[in-house]
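User: Could you take me through the labels in this model and show what backs each one up?

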Amino acid sequence: MTDPRLKTLAKNLVRYSCNVQPGETTLIEMTGTQYPLAALLVEEVYAAGGIPLVHIVNPLVNRSLMMGCNEIQLELMAKYDSLRMNDCRAYIGIRCPDNSFEMSDVPDNKLALYTRLYGNAVHSKIRVPNTKWVVLRYPNEAMAQQAGLSTPAFEDFYFDVCCLDYNKMSRAMDALVARMEKTDRVRITGDGTDLSFSIKNQPAIKCDGKVNIPDGEIFTAPIRDSVEGKLTYNTPSLHDGRVYERVAFTFSNGKIISADCADAKRLNAILDIDEGARYIGEFAIGVNPYITEPMKDTLFDEKIAGSFHFTPGNCYDECPNGNKSALHWDLVCIQTPAYGGGEMYFDEELVRKDGLFTTADLLCLNPDQLKN
């Protein structure tokens with residue numbers, strides 16, 4: 001018997017997140033083996049009058065492809081998949097690999113080649129700017145293990161997070177959007193962090209369940225050359241099958257001039273993929289009240305209430321700052337007391353301390369308000 005929460009999730013993805021309309025071609029891309037959700041999504045797209053297409057990706061097979069990939073092969077793959085993506089009006093991506101570390105032994109040069117010639121061509125240049133898209137992780141044993149929970153407990157957590165009242169959250173986000181769009185200078189302080197930058201005249205975009213599930217962030221982009229100071233991230237990040245911890249950047253005139261962690265050599269190789277990888281493409285503030293601990297899954301971790309992420313690499317078209325890169329790496333810093341606390345200032349006014357908003361207009365975004 002199908003879990004009724006799964007049917008609700010499929011309906012929300014098709015009807016709310018992507019707002020599929022009659023006649024719209026919708027690509028459902030499943031990485032893993034959660035076929036029941038893919039089947040429910042197909043049925044829901046049909047019910048909305050859309051045209052479903054399905055692409056199943058096997059991570060183990062994909063690893064084998066990447067181990068020996070070359071430029072000619074990747075350009076061909078990008079050519080064919082770009083044709084399909086260009087024909088799609090909506091995209092739903094489900095990520096549920098059985099092994100999150102499947103790509104951990106793929107050589108760095110192959111990963112970089114794949115990102116530059118395939119991922120950038122199909123997703124960054126076509127899917128992101130031209131489709132109504134949503135990406136989600138699906139709860140399975142591997143994710144439960146990463147989160148340190150039993151599978152049933154993780155499923156309950158997952159559906160609480162993914163099926164919250166996004167309309168309520170969206171209304172509450174408006175106050176922070178207004179604040180950010182009036183702000184020039186941002187300063188963030190904390191353990192190993194004293195960072196400043198400008199977001200003057202940049203739009204602020206609320207993410208309220210229409211792009212990612214789970215959702216709950218407001219993002220903008222810093223003025224490219226304005227970033228100064230030091231930032232130490234306190235959230236582990238799983239990137240291309242490897243975990244990076246305690247990543248620390250030093251910025252001058254917007255550029256990462258120093259990058260350090262336990263594997264500094266590999267970290268710097270990632271940042272050297274192209275010129276834009278050493279500049280920041282996104283600054284975002286996480287507000288999802290049900291996500292409080294990191295689980296080495298960016299889609300969840302970047303939404304943690306009391307966190308922010310500061311992203312080396314490509315900016316989004318909705319909030320351009322001129323930075324282009326094949327990289328877009330959402331590294332997260334949590335500022336709740338359990339993670340060392342910290343302060344966030346807009347034009348020298350304290351707006352968040354130790355992960356909680358402090359000004360009257362933003363109190364509605366604190367967890368106790370969003371859960372009620």
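**Strands, helices and their labels**

Analyst: Let's start at a turn: N253 takes a positive phi near 55° in the hairpin of β13 and β14, which has two residues between the strands. Strands here are DSSP runs (E, at least two residues) and helices likewise (H or I, at least four), numbered from the N terminus. Before we go on, this is a predicted model, where local features need pLDDT of at least 70, side-chain atom pairs count only at pLDDT 80 or more, and totals for chains, interfaces and linings use all residues. Residues are numbered from 1 along each chain as its sequence is written, and side-chain values use heavy atoms, leaving out hydrogens and water.

User: How do you know that β13 and β14 pair?

Analyst: Two strands pair if DSSP finds at least two bridges between them. β13 and β14 (residues 255-260) have five, in the antiparallel sense, so they pass that cut-off. F251 stands opposite I256 there.

User: What makes β10 and β13 a pair?

Analyst: Again the bridge count: β10 (residues 228-232) and β13 (residues 248-252) share four bridges, antiparallel. One of the partnerships is T232 with A248.

User: What makes β2 and β8 edge strands?

Analyst: Each of them pairs on one side only. The open sheet they belong to has five strands in the order β2-β1-β3-β4-β8, with parallel pairing. For β8, two bridges join it to β4 (residues 132-137), and V135 stands opposite N212.

User: Why are α4 and α5 called roughly parallel?

Analyst: The axes of α4 (residues 71-86) and α5 (residues 108-130) cross at roughly 15° and come within 9 Å. Axes are lines fitted to C-alpha atoms, for helices over the stretch in contact, with angles from 0 to 180 degrees between N-to-C directions. Angles under 35 degrees count as roughly parallel, over 145 as roughly antiparallel, 65 to 115 as roughly perpendicular and the rest as oblique. Therefore α4 and α5 are roughly parallel to each other.

User: And why are α1 and α2 called oblique?

Analyst: Their axes also come within 9 Å, but α1 (residues 4-17) and α2 cross at roughly 50°. That value falls in none of the named ranges, so α1 and α2 are oblique to each other.

User: Which residues make the contact between α1 and α2?

Analyst: Among them are L6, A10 and V14 of α1 and L37, L40 and L41 of α2, where contact means heavy atoms within 4.5 Å.
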